[in-house]
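Thanks, everyone. I have one structure to go through today, and I will keep to the sheet, the packing and a few backbone angles.

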Amino acid sequence: MTPSDEGMLLGDAARALDVSPDTLRRWERAGKLRTTRDTANRRRVSRREIERLGRRPLRHSAGDRLSARNRFPGIVRSVEIDGVMALVEIEAGPHLVTAAVTRDAVEELGLAPGVPATAAVKATSVMVDRR
């Protein structure tokens, strides 16, 4: 049996899967990864395991026009226009989403109370307050 038939060394497998070797060791202990040992007692990961673990889970589609995945479809509850800016409240199920948008956006989208709209949220950070 040649070394390539035995599978990849743990470090090479980690690079192929874009994870750390420590992650693969944890996966092995948890039973998520099957490895073998070669004659030098090094862990080997079969190509079949690499392929199995390399599959990405299916994710919901973001649609073809917008990349944001956090979407809250609902109904416009209120629109407050003040100068060039506006506050739009969308009732999305049990949530109330408030967006600060331009007056032009309100006019172009035809936003008014009772109009269906979707709030798409894409942020670099989320802050949480505990009361």
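Two strands count as paired here if DSSP finds at least two bridges between them. With that rule, and bearing in mind that this is a predicted model, β1 and β3, the latter covering residues 43–45, pair in the antiparallel sense over two bridges. Within β3, Arg 44 is the residue that stands opposite Leu 9.

The sheet as a whole is open and has three strands, in the order β1-β3-β2, with antiparallel pairing. The edges are β1, residues 8–9, and β2, residues 36–37; each has a single partner strand, so one side of each is left without a neighbour in the sheet.

Next, the packing. Which residues make up the largest nonpolar core? There are eleven of them: Met 8, Leu 10, Ala 13, Ala 14, Leu 17, Leu 24, Trp 27, Leu 33, Val 45, Ile 50 and Leu 53. Three elements give two or more residues to this core, namely α2 (10–17), α3 (21–30) and α4 (47–54). The most comes from α2, with four residues. Leaving out residues up to four places away in sequence, Leu 24 touches Leu 10, Ala 13, Ala 14, Leu 17, Val 19 and Leu 33. Another core, of nine residues, lies apart from this one; Ile 90, Val 97, Val 106 and Ala 117 are among them.

Now α3 in more detail. Its buried residues are Thr 23, Leu 24 and Trp 27. Viewed down the helix axis, the buried residues of α3 fall within an arc of 100°, so they line one face of the helix. Their cover includes α2 and α4. Trp 27 also has a charge on its ring: the charged end of Lys 32 sits over it, 4.0 Å from the ring centre. As for aromatic pairs, with ring centres required to lie within 6.5 Å, the count is zero.

Last, the backbone. Most residues other than glycine have a negative phi. Where do the positive values of phi turn up in this model? One is at Gly 31, just after α3, at about 85°. Two more belong to residues that are not glycine: Asp 18, at about 60°, and Asn 41, at about 65°. Asp 18 is in the loop between α2 and α3, and Asn 41 is in the loop between β2 and β3. Are these two buried or exposed? Asp 18 has 67% relative accessibility and counts as exposed; Asn 41, at 52%, counts as exposed too.

That is what I have.

Key:
Residues numbered from 1 in each chain as written. Predicted model: local features only at pLDDT ≥ 70, side-chain atom pairs only at ≥ 80, totals over all residues. Heavy atoms only, no water. Core = buried A, V, L, I, M, F, W, Y, C linked by side-chain atoms within 4.5 Å. Buried < 20%, exposed > 50% of the residue type's maximum accessible area, 1.4 Å probe, protein only. Contact = heavy atoms within 4.5 Å. Arc of directions from axis to C-beta. Phe/Tyr/Trp six-rings, centres within 6.5 Å; stacked < 30°, edge-to-face > 60°. Lys NZ or Arg CZ within 6 Å of the ring centre and 35° of its normal.
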